[in-house]
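Colleague: Could you walk me through this model, one question at a time? I would like to hear the reasoning behind each answer.

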Amino acid sequence: MPKRPSKHLRPARPLNSGSFASLVDKADGQWMVQTMPADLATKSYTCPGCGLVVAEGTAHVVAWPRQASIGSTSAVGERRHWHSACWQRRR
Ligand SMILES: [Zn+2]
C-alpha cells in the first residue's frame, strides 16, 4: 500500500495548545490563568495591572475569575489580559 505523501514536514501547531488554564489562588479568590504565546497574541489589550498596553505579538497572561462575578453571566467573559510581570506581581 503506497504511502500518501505527507504535506506535513513538521507537525502542525496545535491550535489549542494554550487552552489548558490553570487555577491560581490570589488574595481575592481563585483565578483561571492561561498563558498567551506571542504568536497567538494578535490584538493589543490594556493591562489592568499597570494600565499600559499589552502590545500585539507579546506573550502575556490571560486571567479570569473561577466564578463569575455577581451580575455577570460568564466568568470567561471577564477575561483580562495582563503583562506576565504584572500578573506575577499581583497578590
Ligand atoms: Zn502591565
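Colleague: Does serine 74 count as buried or exposed, and why?

Modeller: Glad to start there, bearing in mind that this is a predicted model, in which local features need pLDDT of at least 70, side-chain atom pairs count only at pLDDT 80 or more, and totals for chains, interfaces and linings use all residues. Residues are numbered from 1 along each chain as its sequence is written. A residue is buried if 20 or more other C-beta atoms (placed from the backbone) lie within 10 Å of its own, exposed if 12 or fewer, and partly exposed in between. Serine 74 has 10 C-beta neighbours inside 10 Å, so it counts as exposed.

Colleague: Where is the place of serine 74?

Modeller: Helices (H or I, at least four residues) and strands (E, at least two) are DSSP runs, numbered from the N terminus. Serine 74 is ten residues from tryptophan 64 in sequence, and their C-alpha atoms are 9.8 Å apart in space. Its place is in the loop between S5 and S6.

Colleague: Which residues is tryptophan 64 in contact with, leaving aside its neighbours within four places in sequence?

Modeller: Two residues are in contact if their C-beta atoms, placed from the backbone, lie within 7 Å. With the sequence neighbours within four places set aside, the list for tryptophan 64 is Trp31, Met32, Ala75, Val76, Glu78, Arg79 and Arg80.

Colleague: Why is strand S5 largely enclosed by the rest of the structure?

Modeller: Strand S5 covers residues 60-65. It is largely enclosed because the buried residues among its six number five.

Colleague: Which strand gives the most to the largest nonpolar core?

Modeller: A nonpolar core is a set of buried Ala, Val, Leu, Ile, Met, Phe, Trp, Tyr and Cys residues joined through C-beta atoms within 7 Å. The largest one here has ten residues: Trp31, Met36, Cys47, Val54, Val61, Val62, Ala63, Trp64, Trp82 and Trp87. S2 and S5 each supply at least two residues of this core. The strand that gives the most, with four residues, is S5.

Colleague: In what order do the four strands of the open sheet come?

Modeller: Two strands pair if DSSP finds at least two bridges between them. Five bridges join S1 to S2, six link S2 (residues 29-36) to S5, and S5 pairs with S6 (residues 80-82) over three. The pairing is antiparallel, and the order is S1-S2-S5-S6.

Colleague: Which are the edge strands of that sheet?

Modeller: An edge strand here pairs on one side only. Neighbouring strands of the sheet are turned by 40° against each other on average, direction ignored (axes are lines fitted to C-alpha atoms, for helices over the stretch in contact, and angles run from 0 to 180 degrees between N-to-C directions). The edge strands are S1 (22-26) and S6.

Colleague: In S6, which residue is the bridge partner of valine 61?

Modeller: On the S2 side, valine 61 is the bridge partner of threonine 35, while histidine 60 partners methionine 36. Towards S6, alanine 63 stands opposite arginine 80. The S6 partner of valine 61 is tryptophan 82.

Colleague: What is the count of buried residues among the five residues of S1?

Modeller: S1 forms a hairpin with S2, with two residues between them, and valine 24 stands opposite tryptophan 31 in S2. S1 is hardly covered, and its count of buried residues is zero.

Colleague: Which element of the chain has the lowest mean pLDDT?

Modeller: pLDDT is the predictor's confidence in each residue, from 0 to 100. The chain averages 86, and 81% of the residues score at least 70. Among the elements, strand S4 (residues 53-54) has the highest mean, 98, and the lowest, 92, belongs to S1.
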